[in-house]
Amino acid sequence: MKEIHVTDMKCIHCQEKIEKALKRKGIKSTIDLENKTVSVEEKDVQTAVDCISSAGYTPSL
């Protein structure tokens, strides 16, 4: 699993928005709101970063 940091994910609504965006692309993820991270499989990293960006957040590796 690869961690993507999303420092502007601040609340449960942010988490849900990101989860929905990733699910639409078929990406399984584990989101840790407290640590502001999204974990995805290595093969899905670039697609996940694009999804998170499209949802209005700023992902970084």
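These legends go with a set of close-up views of a predicted model.

**Figure 1. The whole chain, before zooming in.**
Let's start with the overall layout: two helices and four strands make up the secondary structure of the protein. Walk along the sequence and the pattern reads β-α-β-β-α-β. The C-alpha atoms fit in a box of roughly 25 × 20 × 15 Å along the principal axes. The radius of gyration is 10 Å, which agrees with the value near 10 Å that a compact globule of 61 residues would have. As for who touches whom, take the contacts with a separation of 6 or more: 60% of them come from residues 24 or more positions apart.

**Figure 2. Surface and charges.**
How much of the protein counts as buried? The figure is 38% of the 61 residues. The protein exposes about 3,900 Å², and carbon and sulfur atoms supply 47% of that area. On the charge side, there are 10 positive and 10 negative side chains. The centres of these two sets sit 6 Å apart.

**Figure 3. The sheet and its edges.**
Here the four strands line up as an open sheet in the order 2-3-1-4, with antiparallel pairing. Which strands stand at the edges? They are strand 2 (29-32) and strand 4 (59-60); each has a single partner strand, so one side of each is left without a neighbour in the sheet. Strand 4 runs antiparallel to strand 1 (residues 2-6), and two bridges join the pair. One close-up to look for is His-5, whose bridge partner in strand 4 is Ser-60.

**Figure 4. The hairpin of strands 2 and 3.**
Four bridges hold together the antiparallel pairing of strand 2 and strand 3. Thr-30 has Ser-39 as its bridge partner in strand 3. The two strands form a hairpin, with four residues between them. Lys-36 is the residue to check here: this loop residue between strand 2 and strand 3 has a positive phi of about 60° although it is not a glycine. For context, most residues other than glycine have a negative phi. Is Lys-36 buried, exposed or partly exposed? Lys-36 is partly exposed, since its relative accessible area is 27%, which falls between the 20% and 50% cut-offs.

**Figure 5. Around Thr-37.**
One step on from the turn, the view settles on Thr-37 in strand 3 (residues 37-40). Thr-37 has a relative accessible area of 5%, so this residue counts as buried. What is Thr-37 in contact with, once neighbours within four places in sequence are set aside? The list includes Glu-3, Ile-4 and His-5; these three fall within the range of strand 1 (residues 2-6). Thr-30, Ile-31 and Asp-32 are also in contact with Thr-37, and they belong to the stretch covered by strand 2 (29-32). Met-9 is in contact with Thr-37 too.

**Figure 6. Helix 2 meets strand 4.**
Val-49 comes from helix 2 (residues 45-54), while Pro-59 comes from strand 4. Val-49 counts as buried at 16% relative accessibility, and Pro-59 is buried with a relative accessible area of 16%. Leaving out neighbours within four places in sequence, Val-49 is in contact with Ile-4, Pro-59 and Leu-61. Under that kind of filter, Pro-59 touches Ile-4, His-5, Val-6, Val-49, Ile-52 and Ser-53. So Ile-4 turns up in both contact lists, for Val-49 and for Pro-59.

**Figure 7. Two C-alpha distances to try in the viewer.**
How far apart are the C-alpha atoms of Val-49 and Gly-26? They are separated by 14 Å, with these positions 23 residues apart along the chain numbering. The second pair is Pro-59 and Lys-36, which are 23 residues apart in sequence. In space, Pro-59 and Lys-36 are 9.8 Å apart, C-alpha to C-alpha.

**Figure 8. Gln-15 on helix 1.**
The last view goes to Gln-15, part of helix 1 (residues 12-24). Gln-15 counts as buried, at 13% relative accessibility. Not counting residues up to four places away in sequence, Gln-15 touches Met-9, Ile-31 and Leu-33. Two of these names, Met-9 and Ile-31, also appear among the contacts of Thr-37.

How values were computed:
Residues numbered from 1 in each chain as written. Predicted model: local features only at pLDDT ≥ 70, side-chain atom pairs only at ≥ 80, totals over all residues. Heavy atoms only, no water. Rg over C-alpha atoms; globule rule 2.2 N^0.38 Å. Buried < 20%, exposed > 50% of the residue type's maximum accessible area, 1.4 Å probe, protein only. Contact = heavy atoms within 4.5 Å. Areas by Shrake-Rupley, 256 points an atom, 1.4 Å probe, with all protein chains shown as cover. Lys, Arg positive; Asp, Glu negative; His and termini not counted. Charge placed at Lys NZ, Arg CZ, Asp CG, Glu CD. Pairing = 2+ DSSP bridges.
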